[in-house]
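Thanks for coming. I will go through one structure today, starting from its core and moving outward to the contacts between its parts.

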Amino acid sequence: MTQAAPVETPRPWLIPPYGLLVVGLSVLVVVLLGTSLAIGYVSLDLTQAIRDVLSGQSTLAALVLIELRVPRALLGGFVGFSLGISGAALQGLMRNPLAEPGIIGISGAAAFGAVSVFYFGLAGALLLALPLGGIAGAAAATFLLYALSGRGAGTMTLILAGVAINSFAGALTSLALNLSPNPYAVTEIVFWLLGSLADRSLPYVWLVLPLMALGWALLIGSGPALDGLTLGEDTAKSLGFDLGRLRFQLIAGAALAVGSAVAVTGAIGFVGLVVPHLLRPLVAHRPGRLLFVSGLGGAALTLAADIAVRALPIRPELKLGVVTAIIGAPFLFSLIYRLREEP
Amino acid sequence: MMEIEATNIAVRFGPTTLLEGVDLVMRPGEMLGLIGPNGSGKTTLLRILANLRAPEAGRVRYGGRTAAEVGARELARQIAYLAQGGTVHWPMRVEALIALGRLPHRRTFQGLDAADRDAIARAMMAADVVSLRGRTMGQVSGGERMRILLARALAVDAPMLLADEPIAALDPLHQLQVMELLRTTARHGRGVIVVLHDLALAARFCDRLILLAQGGILVEGAPARVLTDAHLARAYGVEVVRGERDGIPFLLPWKPSGTSQGAPP
């Protein structure tokens with residue numbers, strides 16, 4: 001066969017080295033975390049507050065920082081990371097840029113779980129009742145997904161099962177609104193469903209962080225198999241990957257990460273759809289490498305949107321889910337417009 | 001060195017039987033062509049040999065062991081599989097795509113080592129895709145894509161290469177080059193099983209042919225023994241013209257034989 005001389009082709013200018021991309025996004029996330037701590041409704045001398053916390057003085061500044069700002073910033077980062085990485089993983093599994101964490105029905109079910117807590121008036125009874133209800137909803141949906149589609153299920157069955165679970169969870173949520181005992185409960189439920197990071201306390205963080213971290217680990221571990229899936233299911237299998245196990249790993253991972261995220265914040269749409277799509281060209285379309293950077297990108301976008309919510313002079317405060325959807329939907333329009341050009 | 005031995009393979013789709021009683025032994029150093037009309041079960045048989053599908057009856061042994069005994073990872077190092085059609089879901093860069101062939105040799109978060117880079121470089125050289133390495137899969141033609149995917153399969157560096165219609169999208173020059181490459185691969189001690197529709201190239205490059213038709217192996221052996229007028233009329237329903245160049249016989253499908261499929265020759 002023709003022997004061509006090895007040529008070093010330069011890396012296209014728009015694709016940064018992977019390490020640089022990770023470092024750059026990490027720096028961005030750290031800066032946004034700092035900004036998120038610094039911004040809020042009461043003016044706060046951040047250095048003084050940190051000094052107070054470190055010296056154990058329970059001043060008002062220390063209280064605001066620990067009780068309000070820190071949980072809000074941490075949850076923003078963790079929830080965004082969960083949504084971004086889950087979106088990237090599910091797009092890799094489905095090999096479809098329009099897949100997103102909601103597609104397997106987990107977020108809808110988690111939302112319904114939390115809504116039931118409101119409905120039965122348990123939200124005030126126990127500090128962690130809301131996130132626990134959400135996590136229970138996500139877990140129930142995961143088992144139902146498996147019962148419906150089975151271990152050897154193909155991608156199409158998985159999507160159909162997800163759509164069915166989503167509609168059912170949506171119907172039950174509507175039913176809860178419909179039968180709601182009083183208008184106050186309806187308002188509570190509707191506002192919660194819009195998605196927000198406001199007024200979450202530190203115990204929320206400690207409740208969901210281990211679950212999310214386990215989910216992230218499962219998702220990141222699936223990177224090589226997702227790379228292999230680029231060549232189709234047969235080739236991925238011929239490279240030694242067990243596709244049944246991969247689906248289990250990804251669904252369990254996404255359920256843990258997204259289920260916990262929705263359980264504490266309500267529905268925050270479009271992050272899981274838009275972030276992987278925006279970052280994919282920067283990792284040269286490698287599904288495995290997209291996972292971690294999408295997590296970082298999701299954290300950055302969620303933190304930025306939550307900062308915007310507080311910085312904008314609009315009161316009552318806009319809900320985070322509303323802002324991400326308003327930013328995210330136009331991206332989706334452009335994505336669809338470009339997909340239209342392809343045969 | 002490993003050999004693949006399939007015994008008494010049957011393939012059924014519901015009530016329909018596609019293959020029955022197929023026996024096949026594949027040894028390293030040989031180039032075996034799987035030929036037969038559309039729907040005769042070539043791809044299905046190849047997938048069974050690659051352990052991508054279980055047969056409804058019969059068994060496949062790899063060096064005397066079952067696929068489970070060999071283990072998925074080890075089997076992935078022993079058998080490289082080139083799928084039909086050339087599906088690539090994301091427009092990755094060519095070199096990164098070829099590097100996917102090294103996945104069975106790597107730990108989860110390990111980068112490419114010297115052996116990986118060497119295998120990738122040799123595979124790119126062999127498949128004549130070195131000049132394409134910096135492009136993305138969105139910037140290559142159909143023929144280039146097939147050669148890149150062939151390089152991906154070669155990069156596995158496996159003793160067995162199973163290729164499903166690797167020359168279907170190629171121009172005549174690259175058809176010849178790929179067939180030459182597959183034969184060289186076999187000469188270097190690997191086993192190559194290739195599904196083909198081009199009878200002339202099958203006759204010229206393969207050591208042995210298996211003609212699948214009518215639910216099983218119609219005939220098996222050296223190309224001259226398999227590609228007789230009677231077998232071709234019976235399997236494909238075509239007449240061929242034959243000739244000779246440089247002492248090598250060749251044949252060309254010429255017209256429908258008028259013998260209906262399934263009738264005796």
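**Core, domains and chain contacts**

The largest nonpolar core has 177 residues, and those with the most contacts inside it are Ala254(A), Ile98(B) and Leu162(B). Domain 1 (4–227) and domain 2 (228–265) of chain B both give residues to this core, so the core lies between them. Please keep in mind that this is a predicted model.

Take Leu162(B) from that list. Which residues is Leu162(B) in contact with, leaving aside its neighbours within four places in sequence? They are Leu46(B), Leu49(B), Ala50(B), Ile79(B), Tyr81(B), Leu82(B) and Ile193(B).

Now the domains of chain B. The domain assignment gives domain 1 as 4–227 and domain 2 as 228–265. Taken over C-alpha atoms, the centres of these two domains of chain B are 26 Å apart. Where they touch, 13 residues of domain 1 of chain B are in contact with 12 residues of domain 2 of chain B. On the domain 1 side, α8 (199–205), β8 (208–213) and β9 (216–221) of chain B each supply at least two residues. Which of the elements gives the most to that side? It is α8(B), with four residues. By class, this side of domain 1 of chain B has 10 nonpolar, two polar and one charged residues.

Next, the two chains. Here 33 residues of chain B are in contact with 26 residues of chain A. On the side of chain B that touches chain A, the elements that give two or more residues are α3 (72–78), β5 (79–82), α5 (114–126) and α7 (172–187) of chain B. The most comes from α3(B), with four residues. The residues on this side of chain B divide into 21 nonpolar, six polar and six charged.

Last, a helix of chain A: α11, residues 243–265. How far should its 23 residues span at 1.5 Å a residue? The expected span is 33 Å, and the end C-alpha atoms of α11(A) are 32 Å apart, which agrees. Is α11(A) largely enclosed or largely open? Of its 23 residues, 17 are buried, so α11(A) is largely enclosed by the rest of the structure. After α11(A) comes Gly266(A), whose phi is positive, near 80 degrees.

To recap, the core lies between the two domains of chain B because both give residues to it, and chain B touches chain A through 33 of its own residues. That is all from me.

Terms used. Residues are numbered from 1 along each chain as its sequence is written. Chains are lettered from A and ligands numbered from 1 in the order in which they are written. This is a predicted model: local features need pLDDT of at least 70, side-chain atom pairs count only at pLDDT 80 or more; totals for chains, interfaces and linings use all residues. Domain bounds come from an automatic or database domain assignment. Two residues are in contact if their C-beta atoms, placed from the backbone, lie within 7 Å. Ala, Val, Leu, Ile, Met, Phe, Trp, Tyr, Cys and Pro count as nonpolar, Asp, Glu, Lys and Arg as charged, and the others, Gly among them, as polar. The expected span of a helix is 1.5 Å times one less than its number of residues. A residue is buried if 20 or more other C-beta atoms lie within 10 Å of its own, exposed if 12 or fewer, and partly exposed in between; C-beta atoms are placed from the backbone. A nonpolar core is a set of buried Ala, Val, Leu, Ile, Met, Phe, Trp, Tyr and Cys residues joined through C-beta atoms within 7 Å.
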